[in-house]
Amino acid sequence: MSTGIVMLAHTAFNRAAQVARHWSEKGCPVVIHVDNRVSENAFLKFTQALSDLTNVKFCARHACEWGTWGMVAATQSASEMMLAEFREVDHVLLTSGSCLPLRPVQELESFLKRHPDTDFIESATTEDVPWTVGGLDQERFTLRFPFSWKKHRWLFDRYVRLQRRVGFRRKIPNDLTPHMGSQWWCLTRHTLDAILNSPDRAEHDAYFRKVWIPDESYFQTLARVYARKIRSQSLTLAQFDYQGKPYIFYDDHLPLLKRSNCFIARKIWPASNTLYNTFLRKQSKGNSDVEPNPGRIARLFSNATERRIRGRAGLYMQSRFPRNTWDHHLTSAPYSVFEGFGDVFENFDSWLGKATGANVHGHLFDRDRVQFADDQDCFCGAISGNAAIRDYNPEGFLSSLIWNTRGERQCFQFGPADNQKISKQLATDPNARISVISGAWIIPLFKSGRSFGQIRTEAARLQKTESKHLDILRASWVKAQVRIWTLADFMEAPVENLQSIVDEMGAHLPHKPAPAVKVTELPGFREFLQDLRDQGMHPWLTGDFQAPTAPGKPTPREPRSYMAGK
């Protein structure tokens with residue numbers, strides 16, 4: 001008894017011939033199907049390369065387009081020839097021209113002898129299949145698919161929508177429960193013969209001709225009818241990415257393929273000389289009792305897929321530009337955003353840098369220019385301070401800034417006068433630590449010396465902008481850490497509130513000598529707010545500053561110096 005190899009080939013015929021010769025010389029008969037779309041000249045060269053091998057045959061050719069019946073017809077023709085020409089075959093293994101045996105043939109045959117009545121074929125119902133990509137699982141069995149998905153995509157999609165609209169539904173043959181799985185299987189002679197010589201084959205074939213991607217369901221469904229014992233597992237290692245496309249194995253995958261203990265691997269890059277030379281040379285017989293374990297490297301490929309989709313947080317590059325639904329992090333490390341603090345505290349930027357050791361910028365999203373730390377025009381990684389360049393891609397600007405300064409805490413100020421395009425991205429970034437003193441923008445207006453009419457107009461504009469920004473920060477989908485005070489609430493204990501933020505940053509002020517932070521004094525501020533209200537502009541974002549108990553402006557006091565943490 002022996003194992004027969006059915007090979008479907010359509011390209012890289014030099015490698016397909018090399019593998020077919022390997023099987024043949026190890027005593028495995030081979031029947032090859034060559035895609036009918038291959039030129040006669042290429043087909044003739046291929047057959048001549050194997051003409052000296054008596055146990056290698058070529059079957060009738062069919063056009064094999066992906067997702068169509070031709071793939072099944074090719075497998076049927078090759079399998080019929082295998083069963084008719086080689087009576088000693090007890091298992092038939094379906095492979096492609098890009099498959100490569102990873103273990104000695106003797107180990108494969110020993111394994112199959114231990115399971116003489118077992119069919120190795122992935123076979124699961126549509127409800128249990130997690131790997132379908134494209135949205136058609138049950139519908140592939142109940143709709144018609146006369147058009148090629150690759151060549152006539154427009155017709156394919158329109159015809160599917162038409163059938164859905166009119167409620168068309170094909171009748172599944174009574175004796176069948178549709179199953180799906182990998183195209184690459186290893187069936188016993190008994191099961192394969194029963195499928196190919198079934199009295200119902202004409203009905204089965206007619207039904208599956210209009211099923212989408214029938215090579216993943218024809219044998220998988222019929223094996224459930226005729227098999228004595230099924231192990232829903234393929235002996236061929238084939239990995240697929242998140243788009244349903246097969247991974248290609250290269251020379252640097254050699255250690256992984258060795259650890260898999262699988263008998264066959266697909267797809268192998270034709271130029272992978274190391275893989276072909278390693279696995280096709282004379283191999284010493286190993287432990288034939290070792291079961292194939294594709295799950296061992298499936299986990300590695302799963303991690304690779306995760307890295308490919310999500311990449312490293314905050315790293316954007318041409319080869320992996322993430323989609324919004326894939327990336328959970330705009331940036332690569334935590335950073336702090338302060339809104340209104342520069343208006344409440346004098347020389348806030350320099351104080352925060354000394355107190356925490358962080359890299360403190362000004363308003364990075366100022367509409368006129370990027371206010372980098374130390375008033376630099378260009379920052380780490382040649383990030384330009386030009387506002388027009390920044391605003392071309394503000395998300396990329398921030399991501400690059402945080403990525404290029406890994407290991408340093410970045411802090412910057414933000415407010416309603418800045419470019420608000422980054423607002424939503426800040427709110428959805430888990431790395432953002434946003435502290436807001438709402439209404440603090442009114443302090444510079446109070447000190448500006450501008451006419452009251454100008455102040456009122458500008459205050460209304462800034463309040464409207466900040467209100468929209470705060471609505472975003474308070475949304476249910478926000479992932480950033482956000483703390484919001486009104487100006488009135490914050491000014492009740494400004495130093496203590498600031499200290500709580502500094503502590504959360506992980507930087508505790510030293511006991512000596514502690515830098516002093518100076519709170520801006522606001523003589524006449526309450527009256528100023530009341531005047532705005534009297535003129536019809538209600539600054540509600542500032543909070544409730546209590547009206548003075550006596551008329552007139554209070555006596556100005558000397559600015560108070562605060563020792564943070566005292």
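**Notebook: loops, a strand and salt bridges**

I started at Asp 374, which sits in the loop between strand S15 (359-363) and strand S16 (378-379). Helices (H or I, at least four residues) and strands (E, at least two) are DSSP runs, numbered from the N terminus. The model is a predicted one: local features need pLDDT of at least 70, side-chain atom pairs count only at pLDDT 80 or more, and totals for chains, interfaces and linings use all residues. Residues are numbered from 1 along each chain as its sequence is written, and side-chain values use heavy atoms, with hydrogens and water left out.

**Backbone entries**

I looked up phi for Asp 374 and found a positive value near 60 degrees in a residue other than glycine. Asp 374 counts as exposed, at 72% relative accessibility. My cut-offs: buried is under 20% relative accessible area, exposed is over 50%, and partly exposed lies in between (1.4 Å probe, protein chains only).

Next I took Ile 213, in the loop between helix H8 (201-208) and helix H9 (218-226). Its phi is also positive, about 50 degrees, although Ile 213 is not a glycine. Ile 213 counts as buried, at 6% relative accessibility.

I then noted a cis peptide bond from Arg 266 to Lys 267, with omega near 5 degrees. Lys 267 lies in the loop between strand S12 (264-266) and helix H11 (273-280). I flagged these entries because most residues other than glycine have a negative phi, and most peptide bonds are trans.

**Whole chain**

I tallied 22 helices and 22 strands. Of the 566 residues, 51% count as buried. Among contacts (heavy atoms within 4.5 Å) with a separation of 6 or more, 76% come from residues 24 or more positions apart.

**Strand S1**

I followed S1 (residues 2-9) and found 8 of its 8 residues buried. In a regular strand the side chains alternate between the two faces of the sheet. Here Ser 2, Gly 4, Val 6 and Leu 8 on one side are buried, as are Thr 3, Ile 5, Met 7 and Ala 9 on the other.

I checked pairing, which takes at least two DSSP bridges between two strands. S1 runs parallel to strand S4 (residues 89-96), with 7 bridges. Gly 4 stands opposite Val 92 in S4. S1 also runs parallel to strand S2 (residues 30-34), with 5 bridges. Ala 9 has Val 34 in S2 as its bridge partner.

S1, helix H1 (residues 13-25) and S2 form a right-handed β-α-β unit. Right-handed means that, with the strands pointing away from the viewer, the path from the first strand over the helix to the second runs clockwise.

**Salt bridges**

I searched the whole structure and got 13 salt bridges. The criterion is a side-chain nitrogen of Lys or Arg within 4 Å of a carboxyl oxygen of Asp or Glu.

One of them joins Asp 52 and Arg 21 (2.9 Å, N to O). Asp 52 lies in the loop between helix H2 (40-49) and strand S3 (56-58) and Arg 21 in helix H1, so the pair ties together parts that are 31 residues apart in sequence.

Another joins Glu 80 and Arg 201 (2.6 Å, N to O). This pair links helix H3 (residues 70-85), home of Glu 80, to helix H8, home of Arg 201, 121 residues apart. Glu 80 is partly exposed, at 34%, whereas Arg 201 counts as buried, at 17%.

I also logged Asp 375 with Arg 369, the closest N and O atoms being 3.0 Å apart. Asp 375 is exposed, at 54%, and Arg 369 is partly exposed, at 30%. Last, I noted that salt bridges sharing partners join Glu 80, Arg 201 and Asp 205 into one network.
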